Amino acid sequence: MDKYIEDRLDKLESPDKRVRIAAATALGRVTKNKHLVIQPLINLLTDPDEDVSRAANRALIKLGKEAVLPLIEALKHPDPDIRYHAISPLGEIPDRSAIEPLLDLLKNDENSSVRAAAAGVVSVVLLNGHFEWDEEIEEKFNRVGEALINALKDKDSRVRADAAISSGNLHFSKAVQPLIEALKDADEDVRGHAAFALRNCGGGEIVEPLIPLLQDESDSVRIWTTGALEWTGYPETLEPLSKAVDPMIDRLKDDNPRVREYAARVLGSYLRIEGIERAVGPLIEALNDKSSAVRYAVVQALGLIGKEDVLKILEKVQANDFENTNLGYTVSEGATEAIGHLKERYPS
């Protein structure tokens with residue numbers, strides 16, 4: 001065995017986590033005799049220290065396709081912890097041979113954490129890398145999509161939530177009705193992820209089922225739902241979203257600042273909806289919000305849907321509100337950008 005590889009493999013057994021991390025990182029860079037290092041790195045995925053486990057994960061990803069078959073074999077291991085940890089790197093290596101083994105785990109594994117991980121990764125494996133749409137890809141796409149729809153009824157909420165996310169990743173139109181049903185789930189993560197997945201999977205038909213969730217008891221569900229109702233440019237969704245304008249205006253007074261921020265941003269996306277000018281007054285009121293992130297989103301929205309009479313208000317914000325936001329910009333800078341949008345629309 002190569003002395004360099006042998007030395008690093010020995011160091012994977014070190015009691016010092018820093019040594020194990022350095023050894024795993026080095027093994028991820030080898031270009032010859034990769035087969036000698038893959039199984040030891042797979043074993044290291046279950047290291048009790050998360051930093052070491054992450055280093056092993058990154059190393060396997062760098063080793064690429066040669067790691068795929070050993071990782072697929074690890075999916076059959078009797079220890080669920082090994083099966084669970086072998087799933088993640090497969091999501092980062094472009095190789096669709098992992099799809100069927102992952103579907104098998106999703107449908108049949110007795111461990112809910114393994115099923116949830118498989119649900120979250122299988123869509124990524126399908127979409128990873130370049131491909132041309134053909135009958136084979138279509139067949140895989142439908143098999144994965146149907147399996148995820150079935151997983152939306154799994155007894156474990158983590159599986160249902162990850163299945164919702166994956167359905168959204170696929171933009172799987174057949175999942176629309178099952179995702180609408182999932183909006184009634186007792187678990188808030190399932191409701192929230194189903195709401196946002198609908199943004200990718202459906203059209204105008206998703207608006208009415210989503211609107212009640214803007215008043216969900218869970219902050220996270222309201223955040224996800226608010227984001228799901230943003231207009232993304234598809235003309236067929238514009239008219240249905242007109243029903244969301246007033247409920248979205250109400251969210252400008254939500255208890256959660258993230259909801260208020262998203263609501264302002266979403267209202268800005270409604271610039272082509274007839275009657276959107278009724279949001280201008282509530283947005284101006286929201287310039288007094290305690291959160292700088294909310295005020296930033298508000299000035300941006302006013303720059304999109306406001307008229308000339310908003311210009312002086314924005315200029316006042318530009319001159320006075322220098323608080324930083326979570327985006328790294330000040331509210332004043334947001335107002336400057338908004339003023340630019342207004343002047344483009346209403347040149348003097």
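## Salt bridges

Let's start with a pair of charged side chains: Glu181 and Lys184 form a salt bridge, and their closest N and O atoms sit 3.7 Å apart. Keep in mind as you read that this is a predicted model. Glu181 counts as partly exposed, because its relative accessibility is 44%, and Lys184 is exposed, with a relative accessible area of 63%. Elsewhere, salt bridges with shared partners link up Lys17, Asp49, Glu50, Asp51 and Arg54 into one network. Why do such pairs turn up? Side chains of opposite charge can pair when their charged atoms come close.

How many salt bridges does the structure hold? There are 28. One of them joins Asp51 to Lys17, with 2.7 Å between the closest N and O atoms. Asp51 belongs to helix α4 (residues 50-63) and Lys17 to helix α2 (residues 17-27), so this pair ties together parts that are 34 residues apart in sequence. Both ends have some access to the surface: Asp51 is partly exposed at 32% relative accessibility, and Lys17 is partly exposed at 29%.

Another salt bridge runs between Glu73 and Lys76, where the closest N and O atoms are 3.1 Å apart. Glu73 has a relative accessible area of 48%, so it counts as partly exposed. Lys76 reaches 60%, which puts Lys76 in the exposed group.

## The whole chain

Time to zoom out. What kinds of secondary structure does the chain have? You'll find 21 helices and zero strands. Measured out along its principal axes by calculation, the C-alpha trace of the chain spans about 75 × 45 × 40 Å.

The chain has 348 residues, and 51% of them are buried. If you take the contacts between residues at least 6 apart in sequence, 64% of these join residues at least 24 apart. The accessible surface of the chain adds up to about 17400 Å², and carbon and sulfur atoms account for 49% of that.

What about charge? The chain carries 44 positive and 60 negative charges, and the mean positions of the two sets are 3 Å apart.

## Two patches on the surface

Now look at the stretch around α8 and α9. Leu127, Phe131 and Trp133 form a nonpolar patch on the surface, and together they offer about 300 Å² of accessible area. Where is Phe131 in all this? Look for Phe131 in the loop between α8 (112-127) and α9 (135-151). Phe131 counts as partly exposed because its relative accessibility is 35%.

There's a charged patch to find as well. Glu132, Asp134, Glu135, Glu136 and Glu138 make up a negative patch on the surface. One of its members, Glu135, is in helix α9. Is Glu135 buried or exposed? Glu135 has a relative accessibility of 73%, so it counts as exposed.

## A buried loop residue

Loops can hold buried residues too, and Ile206 is a nice one to click on. Ile206 lies in the loop between α12 (188-201) and α13 (207-210). Its relative accessible area is 5%, and since buried means under 20%, Ile206 makes the cut.

Which residues does Ile206 touch? Leaving out residues up to four places away in sequence, Ile206 touches Val176, Leu198 and Arg199. You can also check the spacing to Ala228: the two residues are 22 apart along the chain, and their C-alpha atoms are separated by 9.4 Å.

## Two positive phi angles

Last stop: the backbone. Most residues other than glycine have a negative phi. Asn33 has a positive one, near 55°. You'll see Asn33 in the loop between α2 and α3 (35-44). With a relative accessibility of 37%, Asn33 is partly exposed.

His171 also has a positive phi, near 55°, and His171 isn't a glycine either. Where does His171 sit? Its place is in the loop between α10 (157-170) and α11 (176-182). His171 counts as partly exposed, because its relative accessibility is 46%.

Definitions and conventions
Residues numbered from 1 in each chain as written. Predicted model: local features only at pLDDT ≥ 70, side-chain atom pairs only at ≥ 80, totals over all residues. Heavy atoms only, no water. Patch = residues over 30% accessible without salt bridge, like charges linked within 9 Å, V, L, I, M, F, W, Y side chains within 5 Å. Areas by Shrake-Rupley, 256 points an atom, 1.4 Å probe, with all protein chains shown as cover. Salt bridge = Lys/Arg side-chain N within 4 Å of Asp/Glu carboxyl O. Helix = DSSP H or I, 4+ residues; strand = E, 2+ residues; numbered from the N terminus. Buried < 20%, exposed > 50% of the residue type's maximum accessible area, 1.4 Å probe, protein only. Contact = heavy atoms within 4.5 Å. Lys, Arg positive; Asp, Glu negative; His and termini not counted. Charge placed at Lys NZ, Arg CZ, Asp CG, Glu CD.
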